[in-house]
Amino acid sequence: MAPHLPALMSTASARPSVRIPPLPATNNSGLRVLLAGLLLTMAACKPVAPEPATTQAPLPTVIAHGAPDPVQAVVLPTRLLRGNDYAGFSRASVPAETHAALDAAWRAGKTRWPLDELPFDERVPALLEALSATGAEPAMQRAFDRQFAGADRELHSAAEALGVFGVEYLRTGEGFSSAERAHYTQLVQAAAAWARGAPLGDKARAHAAVTRMVHAARGSGLVDADSFARFGMLDSLQRVGPVLAAAKATLLDYGLDLDASLDAMQVELVESDGDRALLRMHYPLGTRMIDARVHAVRVDGRWYLQDFLEHARAAAALAPADDPPAPAAPGSDGEQAEQPPPQEVASASA
């Protein structure tokens with residue numbers, strides 16, 4: 001989590017997103033690198049869970065749009081995220097029509113989906129530009145040393161405040177479904193609990209994070225906002241992949257192993273009714289267990305995660321799909337409900 005309390009504000013897009021406000025007037029580029037490593041990947045990896053590694057077939061060379069069944073609508077995008085394949089992830093997550101509209105909106109500068117799903121949304125281009133700048137690495141390392149080295153107590157207190165503020169925002173903010181609100185609240189609480197014990201003020205780790213993120217950003221070629229429009233959605237997302245890998249490595253260095261969390265995830269098909277399905281997923285994050293419900297919908301014979309598809313259609317300025325309401329998520333009002341017996345389970349353990 002971040003050493004400073006972020007402002008959580010709604011945006012011009014179809015849903016709110018977590019925003020990182022300007023940090024203190026002193027040079028804070030080093031902290032932004034740390035924020036990138038700690039937040040970018042957590043948001044990217046939150047939705048879904050993999051199949052057991054022993055039973056996974058190789059991914060196809062060309063990623064199809066959607067999945068053949070509800071459980072695979074969860075499993076396939078996760079496998080692509082684990083491989084840092086954001087381009088493939090974008091294809092698997094939406095139908096072909098929506099994907100084409102998103103690419104057009106991307107080139108026109110109207111969206112950066114699926115990066116819009118992340119806490120940094122439109123700040124990603126500015127972050128990569130700062131990381132790619134000449135002399136960025138030593139400047140950021142010096143900035144961290146001046147402001148945050150050894151300040152673990154203060155950073156842990158800020159992480160706790162951030163968790164409280166984030167939960168309140170999710171409770172009252174607009175643009176989240178009930179399932180998202182319940183899921184993301186658990187994520188914020190788990191991340192805050194982890195951050196309270198993480199070595200956020202450790203100088204050696206911060207310097208390594210800066211070096212790792214600077215090299216990844218420079219290798220991406222996404223050196224300014226215009227680069228994203230010039231490369232287009234698929235090429236830009238492919239270039240973001242190594243940056244995501246660097247952020248995952250940074251989290252691991254701070255004691256949070258997202259790949260291990262994903263390996264332990266399980267997905268259960270709780271209810272299926274025609275073109276709608278309700279799934280349950282549970283997995284560890286830090287010292288907490290996350291237990292969440294997600295909805296899937298079938299569009300033209302293929303399955304997609306409903307909330308993510310709706311966000312994508314809004315980002316592409318498409319009318320919402322005329323789908324019937326999905327089954328209500330048990331416990332979506334914040335209380336734990338009795339679980340129906342699962343019909344199908346995908347587990348990351350044998």
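Me: What makes strand 5 and strand 6 (residues 302–305) a pair?
Reply: Two strands pair if DSSP finds at least two bridges between them. Strand 5 and strand 6 have four bridges in the antiparallel sense, so they meet that cut-off. In strand 6, Tyr304 is the bridge partner of Val297. This is a predicted model, where local features need pLDDT of at least 70 and side-chain atom pairs count only at pLDDT 80 or more, while totals for chains, interfaces and linings use all residues. Residues are numbered from 1 along each chain as its sequence is written, and side-chain values use heavy atoms, with hydrogens and water left out.

Me: Which residue takes a positive phi in the hairpin of strand 5 and strand 6?
Reply: That is Asp300, with a phi near 50°; two residues lie between the strands.

Me: Why are strand 4 (residues 276–285) and strand 5 (residues 288–299) called a pair?
Reply: Happily, the same rule works here: they share ten antiparallel bridges, and at least two are needed, so they pair. Val297 in strand 5 is the bridge partner of Arg276. Strand 4 and strand 5 also form a hairpin with two residues between them, and Gly286 in the turn has a positive phi of about 65°.

Me: What makes a run count among the twelve helices and seven strands of the protein chain?
Reply: DSSP runs count as helices (H or I, at least four residues) or strands (E, at least two), numbered from the N terminus.

Me: How much of the protein chain is called buried?
Reply: Buried residues, meaning those under 20% relative accessible area (1.4 Å probe, protein chains only), make up 55% of the 350 residues.

How values were computed:
Buried < 20%, exposed > 50% of the residue type's maximum accessible area, 1.4 Å probe, protein only.
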